[in-house]
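Work through the exercises below with the sequence and the coordinates open. Each task is followed by a solution in steps.

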Amino acid sequence: MPEQSKHKRQVAAGFVLVVLLAVFVPPFVNANLFRARLARSVSGSLGRNVTMGDVKIKLLPLPGFQIQDFVVMDDPAFSAEPMLRAESVTARLRLTSLWRGRLEIARLSFAYPSLNLVRNAEGRWNIEGLLAHASQVSAAPTAKKKPESRPRFPYIEADTGRINFKLLQEKKAHALVEADFALWQESENQWNMRLEARPTRTDANLGDTGTLRIEGSFQRADKIENTPMKVSFDWQRAQLGQLTALIYGRDRGWRGDIRLSGTLEGMPQQFSAKASAQVDDFHRYDISGDDSLSLSAQCNANHSTVTGTDAFGFRNTLSCNVSVPPGNVEFRAYGKYWWLKPDYISVRAQGAPVSALAQLYRRAKRDVPRDLVGNGTMNGYFSRIYFPDADHPRWIGQGTLANVHLSSANLAQDFVVDTAHFGFNQVEQSPEGPNSTGLALRLGSAKGTVALNPPANVFTVDPFPANLGGLRPLIISGTNSKNGLQLLIKGDSDVKQLSSAAELFGLQIPPSARQSVGVANVELNISDEWTGFAAPTVTGTIRETARPSLTTATETASNQQHAKTPKPSRQ
């Protein structure tokens, strides 16, 4: 027993001695003598020139170095600015490498780093070279315990960082902040990464843009464009108004909670992606109610830059489907860069129920009765083709509303429309929409024949009848103007029913006309802008048929309550 007690005291004394040495010796060791060697080691791992400031030795909890003012230079072909800058970096060493007389870094931990991602005129990113170097360097997997003649790839991590984006020499307003990042070599030919960050803009005060999480892997390849990769992403807790401000630089006035998730698989030059998007509690900024509206979409995308695959970009497509039982709405985009400037986009509605449109209208239009409900269906197909030789794109297509019944407690009887046709009148469009062959032929011939100034896109609502208690039905028709849609209403109507029907759509007839009773002859013009939240303008005349000598009521009616509510910036 005395010998065991003596042995324990010796072990404890040895441990205390080691701790004291670890605490008090490092300040007296000039670690800057290792700076050049350490910089070369990190440069070899990253494939970039590295500079660093003051270096201090750390023995606890693991041996390593504390580096100040750590800078990774960029490829001069992309930028003269550093690619990465960090106030402080901790480089932890592998104990097994020290026994072999080598300086091998096990982990690089960056505190508050700033990373610049630069895209050049050829469409390449500066980080491609770093990833290509990592795939070409002969390194053992990060987690491999047994040392080899070749170094093991370090575990690289960053905490509370910032990622900036540059196009050529212009730094963009978009950035990722509060970023946590990790990169490591999982196996002989595979690297894994993960990122969690908050998207923001440097020119706006944004707070609810949500959290973006990305996890992925890439494998060794002879060229970066041939690198097999798999990526999953999840963007959640984003607020729709803040998201529009993130994208456009200003709040577009819509509210809701956003979640976007999906996967991407392939190679940088040719990949496919799947994503699901959901908006909960969608509504306009100045509308509240008990009924919550959720919208969801399922999307698929394909992208290829392989030479000769498709001259018209049909291998570069996006397709999104919004289910509105018993129908659906589908959005498509084609083009080499469909996410920036697609050559062709289309929207197709197949059996979309008017009940869903009425619910959407209640959440998007002010002063609409909260109990507005509808029945009926909508079918349509609209597309926009961008002709390279034209000043603006061409819209084509048409749609139909059938068996529409709108009801509310404000109406004595339903507002009924048997059939209403609407669309663009320049080009006939197949109701099935285009296929890649047919559209390629149209685009090919159009590129050589299209006029430099094609006719303006003309959208029309064909005349259709609506019975509101008059001797003859109202005839409603419409066409587009430079800024919006204009509807013309002519015919006979019971004034009270007309006023109730107008309120059904958030409109008000001229105040003096509301004093009329019975059946009147109506001639009204309604102007509504495509963008923004300005109230529609109603002008025209309503004359009682029983008293034709009645003074004509011609004035403008608008929703005065709109002026009382602060509005976000117009679209």
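**Exercise 1. A salt bridge with a buried partner**

Task: determine how far apart the closest N and O atoms of aspartate 492 and arginine 472 are, and where each residue lies.

Solution. Aspartate 492 forms a salt bridge with arginine 472, and their closest N and O atoms are 3.3 Å apart. The criterion is a side-chain nitrogen of Lys or Arg within 4 Å of a carboxyl oxygen of Asp or Glu. The pair links distant parts of the chain, 20 residues apart: aspartate 492 is in strand E23 (residues 484-494), and arginine 472 is in the loop between strand E21 (459-466) and strand E22 (474-480). Strands (E, at least two residues) and helices (H or I, at least four) are DSSP runs, numbered from the N terminus.

Next, take accessibility. Buried means under 20% relative accessible area, exposed over 50%, and partly exposed in between, with a 1.4 Å probe and protein chains only. Aspartate 492 has 6% relative accessibility and so counts as buried. Arginine 472, at 44%, counts as partly exposed.

The model is predicted: local features need pLDDT of at least 70 and side-chain atom pairs count only at pLDDT 80 or more, while totals for chains, interfaces and linings use all residues. Residues are numbered from 1 along each chain as its sequence is written, and side-chain values use heavy atoms, with hydrogens and water left out.

**Exercise 2. Strand pairing**

Task: in which sense do E10 and E11 pair, and over how many bridges? Do the same for E11 and E12.

Solution. Two strands pair if DSSP finds at least two bridges between them. Strand E10 (residues 211-219) and strand E11 (residues 229-239) pair in the antiparallel sense, over 8 bridges. Within this pairing, glutamate 215 has serine 232 of E11 as its bridge partner. E11 also pairs with strand E12 (residues 254-267), again antiparallel, over 10 bridges. Here methionine 229 stands opposite glycine 266 in E12.

**Exercise 3. Salt bridges between strands**

Task: give the total count of salt bridges, then examine the pairs of glutamate 196 and glutamate 265.

Solution. The count comes to 19 salt bridges. One of them joins glutamate 196 to arginine 213, with the closest N and O atoms 3.2 Å apart. Glutamate 196 lies in strand E9 (residues 190-201) and arginine 213 in strand E10, so the pair ties together parts 17 residues apart in sequence. Both ends are partly exposed: glutamate 196 at 34% and arginine 213 at 29%.

Glutamate 265 forms a salt bridge with lysine 230, the closest N and O atoms being 4.0 Å apart. This pair links strand E12, which holds glutamate 265, to strand E11, which holds lysine 230, over 35 residues. Glutamate 265 is partly exposed at 45%, and lysine 230 is partly exposed at 49%.

A network of salt bridges links Arg284, Asp286, Arg366 and Asp367.

**Exercise 4. The disulfide**

Task: find which cysteines form a disulfide, and derive its handedness from the torsion about the S-S bond.

Solution. A search of the whole structure, with sulfur atoms required to be within 2.5 Å, finds 1 disulfide. Cysteine 299 and cysteine 320 form this disulfide, their sulfur atoms 2.1 Å apart. The pair links distant parts of the chain, 21 residues apart: cysteine 299 in strand E14 (residues 295-304) and cysteine 320 in strand E15 (residues 317-324). The torsion about the S-S bond is about 115 degrees, so the disulfide is right-handed. Cysteine 299 is buried at 16%, and cysteine 320 is buried at 13%.
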